[in-house]
Amino acid sequence: MKALPHVGDKRVIDMHVHIGPEFLRRKYSAETLAAEARSEGFGVVMKNHFQPTTGQVSQLRRPDDKVALVGSVALNFGCGGVDDHGVRSALSGWKRDVTAADPDCDRFVVWMPTMCCEAHLKKYNRRDLSEAWGIKGQYTRYYAEGTGYTLDEGNDDKMAALRRALQVIADNDLILATGHFDRNETLTVVRIAHEMGIRRIIMTHPLFQTTELDPETMRRMWEQYGAYSELAFVNLAMDDLSYEQYIEVIEAVGSQGVILSSDVGQVFSAGVGDALREFFTELQARGVKEDDIVQMSVMNTNKLLFETME
């Protein structure tokens, strides 16, 4: 089995892997994913659509870990929505030592909403969870037209709530990911986040049909705001994207502004290590240089999590 790339002590970090328990059946728990990460030698950000993962992950981390085990929160309605509540909840759980007065100083990821966005609901027939993903219908929720979350710059209450969430992210130098926002919402939150001093920004799989950014716009967002474009392995099969589209993004933005993730964790998906190996191999077969794959999977992800950013 081919080893995943690394640069000295810096390992591949998969910034997007789903864990359970969740209404959706998942391949991993926090414990089983941590065990695979340690065995395979990759770092990982653990995501859940319905609850912060920081509490689970913080209790699994060990002082002798050689791989990064990172928690997150997605600001869906169940986590308090787009406000500071969910970010504070995740921050509260980010303690390896429960007797400590302060959360751990390491960073975690804060996703903007995913399942409750209007853009997401429009794609999935107004359901937060698609039965095509193998979930029982009784555990999905129907949202009437207009009841999903939208980011409206003309709504003072929504903008104040967004700024409260972003302020906690800025104060703690956390990583912002844009979730399943539509095109305009994605561009808006990146701009406002940058204005508020946030420098660790990921545009979540921006080719995905809820967002649909073009490569030139991704390049502009990288050059103006330092926002990374995520290319996720699972979108190739589940969402009918192509390697050719991914290569267009890499060529337009440059490898320094792109991160490669798996976005796996579905019960039917490959494991993280196998998914990343296939992803990297297929990109190389289409002409992407190994140095660029290392940049997108090792150097950029380590910079986001651990290095000083201006």
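**Helix and strand packing in the predicted model**

Helix 11 (residues 290-306) lies across strand 3 and strand 5, and runs at about 80 degrees to strand 3. Contact here means heavy atoms within 4.5 Å, while axes are lines fitted to C-alpha atoms, for helices over the stretch in contact, with angles from 0 to 180 degrees between N-to-C directions. Helices (H or I, at least four residues) and strands (E, at least two) are DSSP runs numbered from the N terminus. The model is predicted, with pLDDT of at least 70 needed for local features and 80 or more for side-chain atom pairs, whereas totals for chains, interfaces and linings use all residues. Residues are numbered from 1 along each chain as its sequence is written, and side-chain values use heavy atoms, leaving out hydrogens and water.

The sheet beneath this description is open and has 3 strands in the order 3-4-5, with parallel pairing. Strand 3 (13-18) and strand 5 (69-70) are at the edges with a single partner strand each, so one side of each has no neighbour in the sheet. Two strands count as paired if DSSP finds at least two bridges between them. Strand 4 (residues 43-47) is joined to strand 5 in the parallel sense by 2 bridges, and Val 45 stands opposite Val 70 in strand 5.

Turning to strand 10 (residues 227-232), 6 of its 6 residues are buried, that is, under 20% relative accessible area (exposed is over 50%, partly exposed in between; 1.4 Å probe, protein chains only). In a regular strand the side chains alternate between the two faces of the sheet. In strand 10, Ala 227, Ser 229 and Leu 231 point one way, and Tyr 228, Glu 230 and Ala 232 the other. Parallel to strand 10 runs strand 9 (residues 201-203), joined to it by 3 bridges; Met 203 has Ser 229 as its bridge partner. Strand 10 also pairs with strand 11 (residues 258-261), again in the parallel sense, over 4 bridges. Here Ser 229 stands opposite Val 258, and Glu 230 has Ile 259 as its bridge partner. Strand 11 is covered on both faces, with Val 258 and Leu 260 buried on one side and Ile 259 and Ser 261 on the other.

Helix 7 (residues 215-225) packs against helix 9 (residues 243-253) at an angle of about 40 degrees, with the axes 8 Å apart. Pro 215, Met 218, Arg 219 and Trp 222 of helix 7 meet Glu 248, Val 249, Ala 252 and Val 253 of helix 9.
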